[in-house]
Amino acid sequence: MTDSKEPYEGEFIPAAHLTPEAVAARKKRNLWLGLALLGFVVLVAITTMIRLANANLSEGAGFYYSNSGGSAREDERMPIDDQPALPPGMTQDQAAPPPGLEPEGSPE
């Protein structure tokens, strides 16, 4: 074995010794990062609660496809059975679903 003080390839070098000012700066930076992360988590939680409160999950529309935007009254909303108009130049055959594809809960 050699008594060389040079680290060989793959050897760990000793950890840096930080000054008290550097340790204090690291703690302060970590505190602000933690607070930012906590704020983000709270923002996501509040957004989720608001979306769930406005969603009508009883009609089977699901969470993301709810038509309850809160801006229109129930009697002003478009009925679910109404079909929107086709874009200009599109035929009914082009808009039809592929053969063998049936929506869930459709009568057979």
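## A helical span and its nonpolar face

In an unreviewed entry, UniProt lists residues 31-53 as "transmembrane region"; such annotations may be inferred rather than shown by experiment. This is a predicted model, where local features need pLDDT of at least 70. Residues are numbered from 1 along each chain.

The listed span is 100% helix and 0% strand, with its end C-alpha atoms 33 Å apart. Helices here are DSSP runs of H or I, at least four residues, and strands are runs of E, at least two.

L31, W32, L35, L38, V42, I46, M49 and I50 make a nonpolar surface patch of about 830 Å². Patch members have over 30% relative accessible area and no salt bridge, with nonpolar side chains joined within 5 Å. M49 sits in helix 1 (residues 20-54), and M49 counts as exposed because its relative accessible area is 55%, over the 50% cut-off (buried is under 20%).

Now the whole protein chain:

| Item | Value |
|---|---|
| Helices | two |
| Strands | zero |
| Buried residues | 2% of 108 residues |
| Exposed area (Shrake-Rupley, 1.4 Å probe) | about 10,700 Å² |

Definitions and conventions. Predicted model: local features only at pLDDT ≥ 70, side-chain atom pairs only at ≥ 80, totals over all residues. Heavy atoms only, no water. Patch = residues over 30% accessible without salt bridge, like charges linked within 9 Å, V, L, I, M, F, W, Y side chains within 5 Å. Salt bridge = Lys/Arg side-chain N within 4 Å of Asp/Glu carboxyl O. Buried < 20%, exposed > 50% of the residue type's maximum accessible area, 1.4 Å probe, protein only.
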